[in-house]
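Here are my notes on this entry. Please read them alongside the coordinates.

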Amino acid sequence: MRGAMMHAPGDVRVVDRDEPVIEEPTDAVIKVVAACVCGSDLHPYRGVEPVNGPTPMGHEYVGVVEQIGADVKNVKIGDFVVGSFWASDNTCEICRAGYQSRCVHAVLMGTLGAQAERLRVPLADGTLVATPGQPDEDLIPSLLAASDVLGTGWFAAVAAEAGPGKTVAVVGDGAVGLMAVLAAKQLGAERIIAMSRHEDRQRLAREFGASDIVEERGDAGVARIKELTDGLGAHSVIEAVGTQESMMQAIRSTRPGGHVGYVGVSHDVALPGDELFFALVHLTGGPAPVRRFLPELIDLIWKREIDPGKVFDLDLPLEDAAEGFKAMDERRAIKALLRP
Ligand SMILES: [Zn+2]
């Protein structure tokens, strides 16, 4: 089968890969209908993370179940399924508490490479959620978004306790930040401030429910949020970048007693203890337990109540995966969808 591999920073190729097979009785193999390039895939692409030899790429996927292991009961051959970027058993204590991304048996799907024609999904019963039927073509991008960016943005909004009566600020205008805007809107937030200096992303943020746009960053961005909130700061702040600057911008934009939900993959972030102490904010985040939210998100998409698929502004055949990476790296695209 064909699949995308990263050979070195900046070097993605679509090559022949071995067909995945059932290795464990809890596995499924799916025919990938759509996959995509993640902002986190750009970390090795840009050399921020090492590339140790040719590496399969991709951890977001929707597809049709083609094979199941002997122990798989919750999905059957022919089902259209959405899975999280972490495989999880959904039965251990951590999963049952809603933190499936840290399942005691978690497998990072990126190690298997979803940007391919087929994909082995470990712990299929816990990981995959079947849609009510075969989706209409136009729902596929939205269902794919649920696999990571929507689920991650949703978790961030829940972690930040976005809801009725709340002012929510979103640091980061990548796909996850934009999905967090959508999530905050769905959760009933009164006011949603998107922090973005890119016109196309500002427009999408408004479509997803942002009521205000702040273009300033860093201390100037914090000052603008304070101005917009009677000097107090936002109730709920979502951090969707993962840098020192963005994390401090998020903490400093939050009012005392408020909540920060952070989902940007942290790179060399060091929090000053004294400032954290006196900030008096709730800080919750990490790798999003997308599986917790998948049934609800699939339902909202199926009923066409949300349209997160709009976040894909580039739609390519799998063979052009390298162009998807390049376009996102150069910020010509917010998020690239790949069709095997
Ligand atoms: Zn578990």
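The points below cover the annotated span, the main core and one helix of this predicted model.

1. **Annotated span.** UniProt, in an unreviewed entry, places the feature "domain: Enoyl reductase (ER)" at residues 7–338. The C-alpha atoms at the two ends of that span lie 19 Å apart. Helix makes up 30% of the span, and strand 24%.

2. **Core.** The largest nonpolar core has 111 residues. Val168, Val170, Met179, Ala180, Val181 and Ile193 touch the most other members. Helix α6 (residues 175–186) gives the largest share, nine residues. Domain 1 (2–148 + 289–339) and domain 2 (152–285) both contribute, so the core lies between them. In soluble globular proteins, nonpolar side chains tend to be buried together.

3. **Ile193.** This residue is among those that touch the most other core members. Neighbours within four places in sequence are set aside here. Ile193 then contacts Thr167, Val168, Ala169 and Val170, among others. Its further contacts include Ala210, Asp212, Val214, Ile225, Leu228 and Ala234.

4. **Helix α12.** Which residues of α12 (residues 321–329) are buried? They are Ala321, Gly324, Phe325 and Met328. These residues span an arc of only 95 degrees around the axis, so they sit on the same side of α12. The cover over them includes strands β1 (2–8), β2 (11–16), β17 (314–317) and β18 (336–339). Helix α1 (42–45) is also part of that cover.

5. **After α12.** Check the backbone at Arg331, just past the end of α12. Its phi is positive, at about 60 degrees.

Key: Residues numbered from 1 in each chain as written. Predicted model: local features only at pLDDT ≥ 70, side-chain atom pairs only at ≥ 80, totals over all residues. Buried ≥ 20, exposed ≤ 12 C-beta atoms within 10 Å, placed from the backbone. Helix = DSSP H or I, 4+ residues; strand = E, 2+ residues; numbered from the N terminus. Arc of directions from axis to C-beta. Contact = placed C-beta atoms within 7 Å. UniProt positions renumbered as here; feature names shortened; annotations may be inferred. Core = buried A, V, L, I, M, F, W, Y, C linked by C-beta atoms within 7 Å. Domains from an automatic or database assignment.
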